Amino acid sequence: MEQASRATDFPIVASAAAEEAPHLEVSPGRKIAGRELGIYVHWPYCTKICPYCDFNVYRDRGADHSALAGAILVDLSAQRRLSGQRPVQSIYFGGGSPALMRPRDIAAIIATVDTLWGLVAEAEISLECNPTDLGSAGLEALRGAGINRLSVGVQAFDDAGLKSLGRHHNRADAIRTVTDAQQHFERVSLDLIYARPGQKLEEWRRELGFALDLGVEHVSLYELTIEPDTAFGRKARRGALPRTVDPLEDFFCSTREIAANSGYAPYEVSNFARTPEAQARHNLLYWRAQDWVGVGPGAHGRLTRPEGRMALTAFSRPDLYIEGAERGNCFEEADILSSADAGNEALLFGLRLAEGIDRAFLRDVAGRDCDAAEFAQLQADGVLEKSSQRIRATERGAGLADALARRLAFRH
Ligand SMILES: C[S@@+](CC[C@H](N)C(=O)[O-])C[C@H]1O[C@@H](n2cnc3c(N)ncnc32)[C@H](O)[C@@H]1O
């Protein structure tokens, strides 16, 4: 088993020079130059915690926003020393509910990223927003702060469905926020959750048709996952959470069929875009195993370094994160991934992409090829295909991407 190094091995605040030259050749022929870089900003506060949500979130009981925003700025500087100089192609404000941040804090974070790394022209700067977080003035303030893509967490366009998800907005709020957003932003995406408690397939088909007719450029359509450490998880264990009436596979196939008929191409298992330009560039970094810096409580990051692929996790509790910034180190964990682990991450995310994975890139990350016999079997089963350059799931394998990645997993 290749040893993964621990957080204590990396004096994060070491001299800048040592960390300023990351684009070194790691081993003969194995280049790490050219990895794209994005910044993920996690804002953990929400006015209400949803019963299905397993993200790192906290009720916003008058939390000190400026202390957390200040800590995020300090963390950005520390991570600049780790990543070295690379232009940033995207920033993603996620949560929690980042729309509850003060626009001046959002602007300060964007300006700091531009100063530290330099933003590419046309950088994609996204923010997630709950329908009840903001009115029209608030959307304009976000645009003024530098946001150029809005992801609206609609979840359902059905009042009973929203109630079943414990959301505190209704259908009318969701429609208003999406149409308002389209007035203020060229790039708007919306999130929906399907296979909700007790949901019928026919209802979902109608609702999805309605959602796509709103004409946003991008939609994220997630099958409800019951996370064990959530209110839904506990309810399910008690047998008190109704399941869908129709098979999940039918929901998955209908979702792809209706989206395709409405001109939305599935470029990732849960993500659909009207054009290639409408694809979520920031999220593609994760799915293509590129590099990103994660700041904010509980944020994850991945950086390619001379020592290997570094996996970073920030302190999840906001108070510990703020204390960490005062000490100059916000990391709860900082590991170098083994090649097998880095390869398995690339497989897991890459097989969820319609474009699949570049074979030479995967071999470079994992240090070897996938198991040929396993691959041949999955090819014969019609769920996986390969070209001279790429491997990818077939339409029949699209809903099985995670299982395919497990079957092909690199062993330690
Ligand atoms: C970080 S959350 C967005 C948070 C934002 N505050 C909101 O609720 O709109 C990103 C998306 O993940 C999806 N999501 C969260 N928990 C989920 C679950 N248990 N099953 C399926 N999708 C989920 C939702 O569609 C949500 O919009």
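**Reading a sheet, a ligand site and the spaces around them**

Me: Ile357 stands opposite Ile391 in S17. In what sense do S15 and strand S17 (residues 390-393) pair, and over how many bridges?

Reply: Strands (E, at least two residues) and helices (H or I, at least four) are DSSP runs, numbered from the N terminus. Two strands pair if DSSP finds at least two bridges between them. Here S15 and S17 are antiparallel, with two bridges. Before we go on, this is a predicted model, in which local features need pLDDT of at least 70 and side-chain atom pairs count only at pLDDT 80 or more, while totals for chains, interfaces and linings use all residues. Residues are numbered from 1 along each chain as its sequence is written, and side-chain values use heavy atoms, leaving out hydrogens and water.

Me: In what order do the three strands of this open sheet run, and which are the edge strands?

Reply: The order is S15-S17-S16, with antiparallel pairing. Strand S15 (357-358) and strand S16 (384-386) are the edges, since each pairs on one side only.

Me: Now to the ligand. Which of the 16 residues around the ligand come nearest?

Reply: A residue is near a molecule if one of its heavy atoms lies within 4 Å of it. In this shell, Gly96, Asn130, Gln155, Arg167 and Asp191 come nearest.

Me: What polar atom of Arg167 lies by an oxygen atom of the ligand?

Reply: The idea to hold on to is the polar contact, a pair of N or O atoms within 3.5 Å. For Arg167, a polar side-chain atom lies 2.8 Å from a ligand oxygen. Two residues use their backbone instead: a backbone N or O atom of Gly96 is 2.7 Å from a ligand nitrogen, and a polar backbone atom of Thr225 is 2.9 Å from a nitrogen atom of the ligand. The protein covers 90% of the 570 Å² of accessible area that the ligand has on its own (Shrake-Rupley method, 1.4 Å probe). Strand S6 (149-155), strand S7 (187-194) and strand S8 (218-223) are the elements giving two or more residues to the shell.

Me: How many residues of each class are in the shell?

Reply: Ala, Val, Leu, Ile, Met, Phe, Trp, Tyr, Cys and Pro count as nonpolar, Asp, Glu, Lys and Arg as charged, and the others, Gly among them, as polar. The ligand shell then has seven polar, five nonpolar and four charged residues.

Me: What is special about the backbone at Gly96, and what about Gln155?

Reply: The peptide bond from Gly95 to Gly96 is cis, with omega near 5°. Gly96 sits in the loop between strand S4 (88-95) and helix H3 (103-116). Gln155, placed in strand S6, has a positive phi of about 75° although it is not a glycine.

Me: How many cavities of 30 Å³ or more are there?

Reply: On a 1 Å grid over the protein atoms alone, a cavity is a set of points where a 1.4 Å probe fits but cannot get out, and lining residues have an atom within 4 Å of a point. A volume is the space filled by probe spheres set on the points, which are joined across faces, edges and corners. The count is two. The largest cavity holds about 40 Å³, and its lining is Lys48, Cys50, Asn130, Gly166, Arg167, His168 and His169. The second largest holds about 30 Å³; helix H12 (residues 339-350) gives the most to its lining, with three residues. That lining has five nonpolar and three charged residues, and no polar ones.

Me: What is the volume of the second largest pocket, and which element gives the most to its lining?

Reply: A pocket is an open set with protein on both sides within 12 Å along at least five of seven lines. The second largest has about 260 Å³. Its lining counts 18 residues, with Leu284, Arg288, Ala289, Gln290 and Glu355 nearest its centre. Helix H10 (281-287), H12 and S15 each give two or more residues, and H10 gives the most, with four.

Notes
Polar contact = N/O pair within 3.5 Å; in protein donor to acceptor, adjacent residues only side chain to side chain.
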